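Dear colleague,

I am passing on the structure we spoke about, with the sequence alongside. Please have a look at it before reading my notes, which follow below.

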Amino acid sequence: AAAAPAVPDEQRWQPLLWRALLQSLQPHERECTRPALQRRCLQALKQAAAGAPTSARPWPALPRRVVLFGNTQLPQPMLELLDALSPHVQGVVTIN
């Protein structure tokens, strides 16, 4: 993984606050944070892609196609999710 960028001086309170909030949570509550859910979702999608034939659909409830329309930018977690979904569903991204 790439090193995290330096935090500007005026924003240094944010990581401190996040760490303090995480410490106040019980372990099972930490697993419900967005980063933890993202990590678990990516792991499950990648494991399914590695272990299943390409024609298999491990989750029938997934749509056959995901379309993102009109986005001018996509955050890194969204790109990672689209990448992990790509063995399972067709992805279409339109960029303005």
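Of the 96 residues of the protein, which is a predicted model, 11% count as buried. The exposed surface comes to about 7,700 Å², and carbon and sulfur atoms supply 59% of that area.

The overall dimensions can be read alongside this: the radius of gyration is 17 Å, whereas a compact globule of 96 residues would have one near 12 Å. Taken along the principal axes, the box filled by the C-alpha atoms is roughly 50 × 35 × 25 Å.

As for secondary structure, the protein has four helices and two strands, and from the N terminus on these elements follow the order α-α-α-β-α-β. Among the contacts with a separation of 6 or more, 60% are made by residues that stand 24 or more positions apart.

The largest nonpolar core consists of five residues, namely Leu 42, Leu 45, Ala 84, Leu 85 and Val 89, and at least two of them come from each of helix H3 (34–51) and helix H4 (76–85). Once the neighbours within four places in sequence are set aside, Leu 85 is in contact with Leu 45, which also belongs to this core, and with Leu 62. In soluble globular proteins, nonpolar side chains tend to be buried together.

Finally, on charge, the protein carries 10 positive and 6 negative side chains, and the centres of these two sets are 11 Å apart.

With best wishes

How values were computed
Residues numbered from 1 in each chain as written. Predicted model: local features only at pLDDT ≥ 70, side-chain atom pairs only at ≥ 80, totals over all residues. Heavy atoms only, no water. Core = buried A, V, L, I, M, F, W, Y, C linked by side-chain atoms within 4.5 Å. Buried < 20%, exposed > 50% of the residue type's maximum accessible area, 1.4 Å probe, protein only. Contact = heavy atoms within 4.5 Å. Rg over C-alpha atoms; globule rule 2.2 N^0.38 Å. Areas by Shrake-Rupley, 256 points an atom, 1.4 Å probe, with all protein chains shown as cover. Lys, Arg positive; Asp, Glu negative; His and termini not counted. Charge placed at Lys NZ, Arg CZ, Asp CG, Glu CD.
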